[in-house]
Amino acid sequence: MSSNTILAIMFGGLTLLMLTGLPIAFVLGGLSLLLTVTLWNADAVVLMVLQIFDTMRSEALLGIPLYILMAGILQRSGVIEDLYRAMELWFGRLRGGLAIGTVVICVIMAAMTGVVGAAVTAMALLAMPEMLRRGYDPKLVTGTICASGTLGILIPPSVLTIVYAVTAQVSIGKMLIAGMVPGLILATLYILYILYVAYFRPGQVPPPTGERVPFGAKLRSLRAVILPILLIVMILGSIFFGIATPTEAAAVGVLGAVLASAVRRRLTARGLSEAAIETLKATAMILWITIGAKAYVAIFTGLGGANTLMEFIRHLDMPPYAVLAAMMLILIFLGTALDEIGIILLTVPVFLPIVRLLGFDEIWFGVLYAITIQTGYISPPFGYTLFYIKGPLPPHLGMGTVYRGVTPFMLLQILALLICAAFPGLVTWLPRLMAH
């Protein structure tokens, strides 16, 4: 059987099985086992198992459950509620201030936890009712929350970034730090768009209301920011200056989250137990997807699929950036149907040899990768963030409102992708400054 036929069977089988709605981990693992026995050799199952076992022994994967546990503890610490109250005092009288404050809180939450679901759900419960009550356009409200909540995909510490770095075999620390500037660029674009809507489409944003807050009260409210900033400095500072590895920094982050909860008298055995169970479930899901993806990629490579794809790319009469654009479009499409961990584990081993062949920087490509997945996360109709916000959505608002609300933010994310693609130095300069 020719390599082209094998390639068609593998991708065709994967697409058909995913359309059935089966969990991607079982699709990847089951298809890999079936193809190994039928198209290769039953004895090759041993090689597949050995590669999976080697991956599961990777120390770099230890950072994933630690960051998820940190997010779970912080979610129950009350820090997010205090942050929102502080942002409301500082931005409440600015036109569009609550939406801008929501973006700022999501940036801080992204730098504390790196978990998308926590940010979107928290802001949907805290910020959405208040903004709607004050007369903000529902499209702007839902778009702001969905888009800002995904900043945790890019801004470190990001679980997605760790999975990418482990899969691509690049420095986890450099990958984490590389996402900082692009993440801030995205947040800035969101804020500029909100200001544009506030001042040039006044019907969508209400005029500032409420009493003027004394400056002293505003300063006192900043106490809510102290613990998050200390936690961010502990994690990112230790990675940037080479004091700790990303895994060690994750352990420090868990300790910081526990201390933050204790200081606020929100540390309970029940809260820790719930956070631990959530961590167990999320980590198990990620590792099962990792096992399935590793098996699929091992068979894909062993049957000659990778070599066939490389030869096809090598003989394409297309400029490198056109090939890069095609890969980005594929990722955005996949982001509407698959979770980000599955996309990374499935496509990075296929795309990375192409990236090296074209002479692109792997860290830079990883950040572009994250932005495209982030775009897919809010892409209608199946972007994951859209389902996170569906639960807290008021009954009088439908998903059509959410779809229209996220569209401008999708365009902003594509703009950020183009900026980072055109100016790679924005992505790579911070990693170059890191202590080795």
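User: Before we look at helix 11, what does "buried" mean here?

Analyst: Buried means under 20% relative accessible area. Keep in mind that this model is predicted. In helix 11, the buried residues include Val181, Ile185, Leu189, Tyr193 and Val197.

User: Why do residues three or four places apart in an α-helix point the same way?

Analyst: An α-helix has 3.6 residues a turn, so residues at that spacing point the same way. As for length, helix 11 covers residues 180-200 and spans 30 Å from first C-alpha to last, close to the 30 Å expected.

User: What covers the buried residues of helix 11?

Analyst: Several helices do, among them helix 6, helix 8, helix 19 and helix 21.

User: Which ring in helix 21 pairs with Tyr193 of helix 11?

Analyst: Phe409 does, and the two residues are 216 apart along the chain. Their ring centres lie 5.3 Å apart with 80° between the planes, an edge-to-face pair. Both Tyr193 and Phe409 are buried.

User: Why is the pair of Tyr164 and Tyr369 called tilted?

Analyst: Planes under 30 degrees apart count as stacked and over 60 as edge-to-face. The planes of Tyr164 and Tyr369 stand at 50°, so this pair is tilted, with centres 5.5 Å apart. Tyr164 sits in helix 9 and Tyr369 in helix 19. Together with Phe365 they form one aromatic cluster.

User: How do helix 4 and helix 15 cross?

Analyst: Their axes come within 8 Å and cross at roughly 145°, and the crossing is right-handed. The residues in this contact divide into 10 nonpolar, three polar and one charged. Ile68 and Leu69 are among those from helix 4, and Ala275 and Ala276 among those from helix 15.

Key: Residues numbered from 1 in each chain as written. Predicted model: local features only at pLDDT ≥ 70, side-chain atom pairs only at ≥ 80, totals over all residues. Heavy atoms only, no water. Axes fitted to C-alpha atoms, helices over the stretch in contact; angles between N-to-C directions. Helix = DSSP H or I, 4+ residues; strand = E, 2+ residues; numbered from the N terminus. Left-handed = near helix turned anticlockwise from the far one by under 90°. Contact = heavy atoms within 4.5 Å. Nonpolar A, V, L, I, M, F, W, Y, C, P; charged D, E, K, R; others polar. Expected span 1.5 Å × (residues − 1). Buried < 20%, exposed > 50% of the residue type's maximum accessible area, 1.4 Å probe, protein only. Phe/Tyr/Trp six-rings, centres within 6.5 Å; stacked < 30°, edge-to-face > 60°.
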